[in-house]
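User: Got a minute to go through this one with me? I'll paste it below.

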Amino acid sequence: MSKSLQAIRGMNDILPEQTPLWRYFEGTVARLLDNYGYRQIRMPIVEFTELFKRSIGEVTDIVEKEMYTFDDRNGDSLTLRPEGTAACVRAVLEHGITGGGQVQKLWYIGPMFRHERPQKGRYRQFHQIGLEVFNLDGPDIDAELIVMTWRLWGELGLRDAVKLELNSLGTSESRGRYREALVEFLSAHIDKLDEDSQRRLKTNPLRVLDTKNAETQAILVDAPKMADYLDDESRAHFEGLKARLDAVGIPYVINPKLVRGLDYYSKTVFEWVTDKLGAQGTVCAGGRYDGLVEQMGGKPTPGVGFAMGIERLVLMLEALDKVPEELSRQVDVYLCAFGEAAELAALSLSERIRDQLPNLRLQINAGAGSFKSQFKKADKSGALYALILGDDELAQQVVGFKPLRGQGEQQSIAWDALAAHLATCVVQG
Ligand code: ATP
Ligand code: MG
């Protein structure tokens, strides 16, 4: 197939074999967020480029080299969203729903776009579930976000495979003082820093802490620590968060080098990481951004949020064999009809059954075929039972009810009794 008729590198089809697991994951998260009182918001996928530059920061990996930016037909510069927070902040400001200190607990789901080198767990179109909370400034809400994710890992069977890393970046004032101390320290070692770090030292020095270069990392061992520069308020906030995590029994490690790639964070930052996915180990990341709303033209409004990468979590569920058994079966009952008259009867019978059992997953054979080939399809579908309707059954107004998974012998069931019978053996059984 010619290249222009293939999917774009790093942008994946999610095939029917994979979607049950995606829907299981998404459904589990959505239910959990509902239960905690979070409400869904849906933003457009494309925004003005300026929005991302202003919020994420000009000197970040995302804005410098990862955005899909293009001019539309009016000549406006637009960008496929690389993350959700910027658009969410824009939306709440535009609709005035955080005004007057109104609390908003919001979540969103959808595709994000970054021009990165595609590899396992890193794609150019990927999917996030994210959430943002506005107008709550205490550590209790930072804790709630983390407690919720901890519950999620519990429900998914992933608790043993993830680790929580925490740090506090302080207020912008204390971070400013720290930045100066770090720049002074690193400037004294500038010749030994890797090239990227030398550049970042001038543009975004905190990002040097993020380096993967071993020599630079060795130098950083003696670098000043953010913790020593924290203002009292940030320190108290961080202690408050830790106390709550301790109270619930959520283990964590303090990682003083955790700075996150985006400019807008303050105070709490956190990442859930795993060693089960190779290099792409962060499955959920976030933090507090008390200055962002104001920076984007709103009134001072505290905010905190996180986003998780769906691909990475789906990969983890697969790698750790945590895919629920029942996902392999998408059909409960498979109805095979033989002959024109029986097919017509099968259609109206199946609609009657659907009226009575709206949750039953009933598939009718389409395109008919021989008895043998229909039976093969029924078996392959994973259904628990096959229903057989041929001329004989039609004459007697019954169906052949055949267990496909070794649950007894075939029997004959009257049409009128079929829904009740199915209710006992499929829906509740
Ligand atoms: P990384 O350090 O892996 O590049 P990030 O700090 O850029 O991650 P965030 O912007 O915090 O990531 O996004 C939150 C989550 O979204 C990540 O923890 C990850 O699970 C997921 N994610 C980010 N970029 C990608 C990508 N290119 N492909 C797949 N998932 C991604
Ligand atoms: Mg990244």
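User: How many helices and strands are in the protein chain?
Analyst: The protein chain has 15 helices and 16 strands; those are DSSP runs numbered from the N terminus, with helices being H or I of at least four residues and strands E of at least two. Keep in mind that this is a predicted model, where local features need pLDDT of at least 70, side-chain atom pairs count only at pLDDT 80 or more, and totals for chains, interfaces and linings use all residues. Residues are numbered from 1 along each chain as its sequence is written, chains are lettered from A and ligands numbered from 1 in the order written, and side-chain values use heavy atoms, leaving out hydrogens and water.

User: Is the chain spread out or a compact globule?
Analyst: The radius of gyration is 28 Å, well over the 22 Å that the globule rule gives for 429 residues, so the chain is more spread out than a compact globule. That radius is taken over C-alpha atoms, and the rule is 2.2 Å times the number of residues to the power 0.38. Along the principal axes, the C-alpha atoms fill a box of roughly 90 × 55 × 45 Å.

User: And what share of the residues is buried?
Analyst: 52% of the 429 residues count as buried. Buried means under 20% relative accessible area, exposed means over 50%, and partly exposed is in between, with a 1.4 Å probe and protein chains only.

User: What about contacts, how much comes from residues 24 or more positions apart?
Analyst: Such pairs account for 70% of the contacts with a separation of 6 or more, where contact means heavy atoms within 4.5 Å.

User: Switching to helix packing. At what angle do α2 and α4 pack?
Analyst: About 105°, with the axes of α2 (residues 49-56) and α4 (residues 85-94) 9 Å apart. The axes are lines fitted to C-alpha atoms, for helices over the stretch in contact, and angles run from 0 to 180 degrees between N-to-C directions. The two helices are therefore roughly perpendicular to each other, a label that covers 65 to 115 degrees; under 35 is roughly parallel, over 145 roughly antiparallel and the rest oblique.

User: Which residues meet there?
Analyst: L51, F52 and S55 from α2 meet A86, A87 and R90 from α4. That contact divides into four nonpolar residues, one polar and one charged.

User: Where does E47 sit, and what does E47 touch?
Analyst: E47 is in strand β2 (residues 46-48) and is buried, at 7% relative accessible area. Leaving out residues up to four places away in sequence, E47 touches F52, S77, L78, T79, A87 and R90. E47 and R81 are 34 residues apart in sequence, with their C-alpha atoms 6.7 Å apart in space.

User: Which non-glycine residue in strand β9 has a positive phi?
Analyst: K267, with a phi of about 50°. K267 lies in β9 (residues 266-273) and counts as buried at 6% relative accessibility. For context, most residues other than glycine have a negative phi. D321 also has a positive phi, near 60°.

User: Is D321 buried or exposed?
Analyst: D321 is exposed, at 69% relative accessible area, and lies in the loop between α11 (310-319) and β12 (333-337).

Methods
Ala, Val, Leu, Ile, Met, Phe, Trp, Tyr, Cys and Pro count as nonpolar, Asp, Glu, Lys and Arg as charged, and the others, Gly among them, as polar.
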